[in-house]
Protein chains: 4
Amino acid sequence: MREEARATILDAAEQVLAEQGLASTRMEDIAARVGVSVGTLYNYFEDRQALLQALLDAQGQELLARIDAELERSQGAPYRTRLPGLLRAILEHVQTHFGLFSLLQREDVRRSASTGEDLARHQHLWSEASQRLEQLGQEGIAQGELRPEDARHYPTLLLGMMQSTLSRQVLERQPLPIEEQLGVLLRCFLEGARPRSG
Amino acid sequence: MREEARATILDAAEQVLAEQGLASTRMEDIAARVGVSVGTLYNYFEDRQALLQALLDAQGQELLARIDAELERSQGAPYRTRLPGLLRAILEHVQTHFGLFSLLQREDVRRSASTGEDLARHQHLWSEASQRLEQLGQEGIAQGELRPEDARHYPTLLLGMMQSTLSRQVLERQPLPIEEQLGVLLRCFLEGARPRSG
Amino acid sequence: MREEARATILDAAEQVLAEQGLASTRMEDIAARVGVSVGTLYNYFEDRQALLQALLDAQGQELLARIDAELERSQGAPYRTRLPGLLRAILEHVQTHFGLFSLLQREDVRRSASTGEDLARHQHLWSEASQRLEQLGQEGIAQGELRPEDARHYPTLLLGMMQSTLSRQVLERQPLPIEEQLGVLLRCFLEGARPRSG
Amino acid sequence: MREEARATILDAAEQVLAEQGLASTRMEDIAARVGVSVGTLYNYFEDRQALLQALLDAQGQELLARIDAELERSQGAPYRTRLPGLLRAILEHVQTHFGLFSLLQREDVRRSASTGEDLARHQHLWSEASQRLEQLGQEGIAQGELRPEDARHYPTLLLGMMQSTLSRQVLERQPLPIEEQLGVLLRCFLEGARPRSG
DNA sequence: CATGAATGAGTATTCATTCAT
DNA sequence: GATGAATGAATACTCATTCAT
C-alpha cells in the first residue's frame, strides 16, 4: 500500500524531527529510522520539502479531524460543556505532537519554500482551527456565556495561551496534567484574572 | 569603536534574519548588508553561532531593560495603571523586533547548540521577563485586583496571548494598532471572556 | 568492496601527496586523481586528517609486514646474511614510497593533530622498526659480529644513514642502484670508515 | 637599523615555527611574538614566503659560518682531532635550532615555492656542508685514517646519523649529552659496528 | 615607519538528490 | 520497487596581504 508506506515514513520523520530539529534532520536520518534506504524516501516523496510539507499537512488534517470529531460528539450540548471538550481535544493533540507543533509556527518552513505555498497552508490550518473555535464562540455568545466584544480575538488568545503553557512545560521540564492545564485555561479565559465580586 | 561595529553588524544580522530566516541566512548575506566582507564579521564574532547568540542576547537585554525602565517609571502607581504600561512596553519591543522574537522560540537555536547553553539563555530571558510580570502580579493580588489562585500562570498566559496576537497579525498581514491590542489583552486577561453580570 | 575503494583512494592520495606536498594537496586533487568527486572521499574517510592518517598507517603496516616477512624468510641464517636482506627490504620499501617516507618525519602531521595521537603512531612505527633491527642486532652481538657497546644506537644510526642516502638521491636527482647503496651501508656500518689494518 | 629589525623578526619566527610548525604558524603569530603588528612584518619582508626563506638562509649561513670557524680554528691539526671538533660544531648548531633543522628537510618549503628556487637553496646548503665534510675527509684519507672507497658518501652518512640521533631524542623526549652523541657517532663512523680484532 | 581593520580568494566539509544495479 | 554509492553545489571559516590613518 502506497499510503501505508507514506504514513510510516511520516511517522519516522516526525520522531526524528522532534528529536533533532528541522535543520539537523537529514534525509538519511529519517530513512534510517524507517529502516529503509534514502532512495526509498524519494520513491514516495518528491523531495525533502515535499516530505516535510506532507508531514505538516497530515498533522493539520489530524488536528482538524479531531476537533471536528469532538464538536460532532458534543453537538447540542451547552457551550460551558463543549468548550472544555474542545480545548482538551486540542491540548491532547498538541501535547502528543508537541515537537511538530513548535515547527508549525516556525519560519523555516515558510521561508525555505520557494513559493509561498507553505505559508498559505499554515495560514489555512490556523484559520481553520480558529474558525471552529470561533463558531463555538458564537454559540457561547448566543448562550450569554461570552462577551461579544472581543469575539474575533478569542481563538487567537486561546491558542496562544495553550502554546505558551506547553512551551513553558517543555522549557522547565515540568509537565502539567492536562486537567490542570484545562482548569487554568478555562478559569482565566472565561473568568479573567480579576476576582469576580460576590 | 569596537562596540559600535558589533552593533552595526547585529543590526544588519537582525534584518537579514527577519527577511530570510535562520536557515537561509548566510554569513555573506549579513556581510553584504553591512557593506563589508565576510572576513570582517569574523573580526568581531568568533563564528556564526556566536554572532547569532550575541544577537539574541542583545535583544534579550534590550527587552529586559525596557521592562525595567517602565517598572521604574511607574513605581508606586496602582496595579491597574502599571500593568498596561508594562504590557505596552513589551508589545512595542516585540513588535519592533518581531522577526527575532519568533526566532527566540524556535528550536534551531536550541538544537544547534552543542552545549545546550542557548537553551539556558533563552530560559533565562523568559524567566526573567516572567519574574517581572509575576512581581507586578503580586502587587495586583495585594491590591485585590487579581485572583491569587492562578498567579504563577499569569506571566505565561500573558506572554502567550501577546505572541499569538502578533503572530496572527503577521500571518494575516493586518497590523493592529497597539492600543487596540492592549485593550483586548487587558480586557480578556483581567475581566475574562464571560460577561460580568450587573 | 569497501576496502578496495579505500585502497584506491589511498594510492591516489600517496601519488598526489608525493607530487604536491602535504600543504598543497587539496581533497579535490585526490578526488580528481581517483576519478571521483570529493563527496566520495568522505564516504570512505571521516575527514582529511583521517585519510592522511590512514595513509600513514597503511604505509607503516606495509613496511613492518615486509620487515617481518624478510626476517621470517632468513630465520636461522647467520647475522652477516640476514642484515643485508633486512636492509634491502627496508630500502626497497622506502624507495618505493619515498614521498611518504619523507612525510613520516615531518612535523605537520604531528602538529596538526589536536590529540597528539599521530605522534604516538609515528613513534610506534619507528620503535617497532627499531625493535626488529635491535633484535637482529642482538643476534649479531651473540655471533660476535657486533660491538655490544653502542647496540641501542645501531637501529637509529642505520635508519638515519638510509634516509639521508635516499634524501640525497632525491635532491641530486641521481638515483643509486639499491645494491650499491646496500654495499656502502653495510661496509660503513659494519667496518667503519677507518681502514682495518692487516 | 633595518638589519637588526629583520634579525629580530627572524628570531621570533624561528621560535614560533618550532613551537607550532610550518602549517599552523600565521604571520600574526610571528608579529605577536615580536611585539609588532603584521603590517610591520611586510615592511621588512616581501611576503610570508620571503620571510621563511630568509629564515632558512640565515640558518644556513650561520651553520656554514660555524663550520668554517671550526675548520679555521683546527687548521693544521690531525684529522682525528679535527673531525670531532667539526661534528661537535654541527651537533651544537643543529641541536640549538632543531625545530628549523627538521624544517630544512621538509618538502613543504620546497613545494610551496612557485619557483624551484627554494629547492636550489636547500640543495646548496646541503652541498656546501657536505663539501666541507668531504674536504676534511680528504685529509682523513691522506692521513690514512679513512678508507677512500666510500669517501663521497661519508658526508651524507654522517649527517644522516646526526639527524636520526637528534630525531630520536625529540621523539623519546630523552636528550643525550652532546659528548655522548659525539662518542657514539665517532666510534660507529670510524670503527664500525663490527669488533676490530686484536 | 608602524598600525591593524578590512579584504576576499581558497578549502574542507555537508547533504539533498540521482540512477545504475 | 528498493538500494546506497556517487555526486557536486553550497557555505562556514581562515589567513596572507593591503592600505588608509
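How many residue pairs are in polar contact across the interface of chain B and chain A? The points below take up that interface, then DNA strand E, then a helix of chain C.

1. This is a predicted model. Across the interface of chain B and chain A, 26 residue pairs are in polar contact, with both residues of a pair at pLDDT 80 or more. On the side of chain B that touches chain A, at least two residues each come from α1 (2–20), α7 (107–112), α8 (117–142), α9 (154–172) and α10 (178–191) of chain B. The largest share belongs to α9(B), with 12 residues. Sorted by class, that side of chain B holds 20 nonpolar, 13 polar and 19 charged residues.

2. In the contact between these two chains, 52 residues of chain B meet 52 residues of chain A. Together the chains bury about 4900 Å², and carbon and sulfur atoms carry 50% of that area.

3. Salt bridges between chain B and chain A number eight. One of the salt bridges joins the side chains of A:E149 and B:R187, at 3.6 Å from N to O.

4. Turning to the nucleic acid, DNA strand E is surrounded by 27 residues. A:R48, B:T40, C:Y42, C:R48 and D:T40 are the closest of them. Of the atoms of DNA strand E that come within 4 Å of the protein, 69% belong to sugar and phosphate.

5. Several phosphate approaches can be checked by eye. Polar backbone atoms are involved at A:M27, 2.8 Å from a phosphate oxygen of DNA strand E, and at A:R48, also 2.8 Å from a phosphate oxygen of that strand. At B:T40 the atom is a polar side-chain atom, and the distance to a phosphate oxygen of DNA strand E is 2.7 Å. The elements giving two or more residues to the surface near DNA strand E are α3 (38–44) of chain B and α3 (38–44) of chain D.

6. What is the make-up of the surface near DNA strand E by class? It has 10 nonpolar residues, 10 polar residues and seven charged residues.

7. The last point concerns helix α2 of chain C, residues 27–34. Buried residues in this helix are C:M27, C:D29, C:I30 and C:A31. The buried residues of α2(C) pack against three helices of chain C, namely α1 (2–20), α3 (38–44) and α4 (48–73). After α2(C) comes C:G35, with a positive phi near 95 degrees.

Technical notes
Residues are numbered from 1 along each chain as its sequence is written. Chains are lettered from A and ligands numbered from 1 in the order in which they are written. This is a predicted model: local features need pLDDT of at least 70, side-chain atom pairs count only at pLDDT 80 or more; totals for chains, interfaces and linings use all residues. Side-chain values use heavy atoms; hydrogens and water are left out. A residue is near a molecule or strand if one of its heavy atoms lies within 4 Å of it. A polar contact is a pair of N or O atoms within 3.5 Å; within protein, one must be able to donate a hydrogen and the other to accept it, and residues adjacent in sequence count only if both atoms are side-chain atoms. Helices (H or I, at least four residues) and strands (E, at least two) are DSSP runs, numbered from the N terminus. Ala, Val, Leu, Ile, Met, Phe, Trp, Tyr, Cys and Pro count as nonpolar, Asp, Glu, Lys and Arg as charged, and the others, Gly among them, as polar. Contact means heavy atoms within 4.5 Å. Buried area is the accessible area (1.4 Å probe) that two parts lose on being put together, summed over both. A salt bridge is a side-chain nitrogen of Lys or Arg within 4 Å of a carboxyl oxygen of Asp or Glu. Buried means under 20% relative accessible area, exposed over 50%, partly exposed in between (1.4 Å probe, protein chains only).
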